[in-house]
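User: I'm new to reading protein models and would like a close look at one part. Could you walk me through it slowly, with the terms explained?

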Amino acid sequence: MEASAAGSRGRQALRFLCPKRSLLFPPSASPLRWLVGAPRVLPPFTVAAALRPLHADPDLAREADEIRGLLPRGFDIVGALLVDGEGSDADAARALELASALREGLLGVAASHGMVGGYMDAGSGEIRFVASESGGTDAVEGLEVVWEDEPGKLLWEKGCLLRCELPLKLPLYVPSDEISGIEERFSSLIESTAAKLRDPHVSYLVEGPIPPNESHSSIILHGDDLCSDSRGSSRTKECTKSIVSCSEFFPEKMYNLSLTRENADAIEITILSNQSVSGLKPGTTPVVEYFPAPAPASLRVINMKLDIVCYSSIDFPVAVAVSELIIPGLADQMSVMKKIIASEITQQAQLCPYHFIPPGLNIPVTAIYDTRYGEIEEKQSELRKKLHIRLGLPLDRPLLRISNALTFGGMGKRVKGTSRNGSSLLRDVHREIPSSGVSGGIMSLIDGSYEYYHYLHDGIDDNGWGCAYRSLQTIVSWYRLQQYSSIDVPSHREIQQVLVEIGDKDPSFIGSREWIGAIEISFVLDKLLGVSSKIINVRSGDELPEKCRELARHFETQGTPVMIGGGVLAYTLLGVDYNEASGHCAFLILDPHYTGADDLKKIVNGGWCGWKKSVDSKGRSFFLKDKFYNLLLPQRPNMV
């Protein structure tokens, strides 16, 4: 839908690509939300995401500095929203004023696009807002609020990503008697380096993603091709029409946001500098001049690894995107890094940018980490926590670790899980199964991805004894895929070695075909992952339906796979469908006893992953009445 307006300067519609809940939860210190859009790509007054100030009374200059490093060029501040209390028209006007000031501090100029300010009633969820037209100061009351059903499709139908990496080694000469002026010299060095990005001697190699079995598109732009003048001012209207648009680098477009997260497709920009472009006339000899330093000085080489992404309309000429997004984006990142490095110039920070599209967010963001510190180091953890708060992400899930960062590759080259012998592993097989058949039930399912481990995987014949080992491997794969751990999924022998090392088993256990159960699995999870587990005991399979409420709560709060062990069998539980009023329920079982090939259709049709009722329509019991069962409920670590 296009944004509606009553008349050419009438009441505007405010369109949200983020869910209403994301504006309210989790609660934060500040009731203010900075509204992020992409005015040059998306319809006017379209909000793609909301950012949160870290403090109740935000310092706008500090906010601008932090958002500058976080938000890729192409996205922009389009307004602000207050989400606490009843609100008033004065609050909406104040929010508009704050957003305009933040935007001017962020980019150095007042917004040329429309801006909005509003408030949300925390009780009713109703939003009232005022909007100012492009470059205007007069605000009019908004007409309606629209919540889009397919935000990812709108974002990636109209836009695309560009990426540029630029490693720099900057020589910083510091006179021995002027240590106090080192920061000023460093700032001057950064400014001169940024200015050189528009030098006529600089060229830009532009390459599209590589489609399967095809060659990619590429062109080279020179400094004179860029659509800006010598002062960096835009000349978009004057840009030659012969320059290709971004859309020509994407022979196929992808709108599935999960694929964008897993393996992002972007136009790659490589910067080349031709220092000999002026050349020497034939017959002349190069001359080297020596200028001695006026005073003793030391040389410090400042290493900077720039890596930016930008969001562009697919219809933009590439020269416009490079001039108005890539070059300013590189300058922004240099400015952000300069402040970090200057604060401890003698320590040589090792800064590395990473890009993320965490679950719950539809746009990419950039985090700059100092790789001198490990990811569990306190300073690094505190930085990630602040980023989680600003982005409205939960504080108990590692969504912004380095292993979560976007990977960039050729179109269609998607990463699949592999087992130790190199074979591919099926993921999330439950997504293809039909409904449970429980009337009026509420489904509570595993939260996240896992790999399906079953009998005979990895060339190991564990038929008849390895089902609990396979359930454990599936559980460990969940922790790996959610980035809680980077350890390999353990083999049967490695599982046995852990149990011997902690003193639970005798050395003869290693290499045996002895069974393990829920207790042993809890020991292994604690040893390998530091994960605690809760265990539920039932005396009979008939009692399992009584635990459905507790299991539903586990999947809603923890979201981890559950291991069920009883008698001589073990299963992995992926969810429950429970009608609290009638007591009817079904269990989503992933069966490790499967011995066939990894054929998803065969697995689903054969019931190896499917809903199981305690007693089916023919009176058959899935869980045995004369057997006890232990349920292992691994807990989700409270960490970022």
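In which strand does T366 lie? And which salt bridges can you show me after that?

Analyst: Sure, let's start with what kind of model this is. It's a predicted model, so local features need pLDDT of at least 70 and side-chain atom pairs count only at pLDDT 80 or more, while totals for chains, interfaces and linings use all residues. Residues are numbered from 1 along each chain as its sequence is written, and side-chain values use heavy atoms, with hydrogens and water left out.

Now to your residue. T366 lies in strand β16, which covers residues 365–370. (Helices are DSSP runs of H or I with at least four residues, strands are runs of E with at least two, and both are numbered from the N terminus.) T366 counts as buried because its relative accessibility is 7%. Buried means under 20% relative accessible area, exposed means over 50%, and partly exposed is in between, using a 1.4 Å probe and protein chains only.

So who are its contacts? Leaving out residues up to four places away in sequence, T366 touches G69, L70, P72, V309, Q333, P353, Y354 and H355. Contact here means heavy atoms within 4.5 Å. With H355 there is also a polar contact, side chain to side chain, at 2.9 Å. (A polar contact is a pair of N or O atoms within 3.5 Å; within protein, one must be able to donate a hydrogen and the other to accept it, and residues adjacent in sequence count only if both atoms are side-chain atoms.)

On to salt bridges. A salt bridge is a side-chain nitrogen of Lys or Arg within 4 Å of a carboxyl oxygen of Asp or Glu, and by this rule the count comes to 29.

Take R163, which is buried at 12% relative accessible area. R163 forms a salt bridge with E268, where the closest N and O atoms are 3.7 Å apart. R163 sits in strand β10 (residues 159–175) and E268 in strand β13 (residues 266–273), so this pair ties together parts 105 residues apart in sequence. E268 is partly exposed, at 21%. R163 also meets D307 in a salt bridge, at 2.8 Å from N to O. D307 lies in strand β14 (residues 297–313), so that pair links parts 144 residues apart in sequence. D307 is buried, as is R163.

Salt bridges with shared partners also join R62, E63, E66 and R390 into one network. Within it, the R62 and E66 side chains meet at 3.3 Å, N to O. These two are four residues apart in helix α2 (residues 60–70), so about one helical turn separates them. R62 is partly exposed at 43%, and E66 is partly exposed at 30%.
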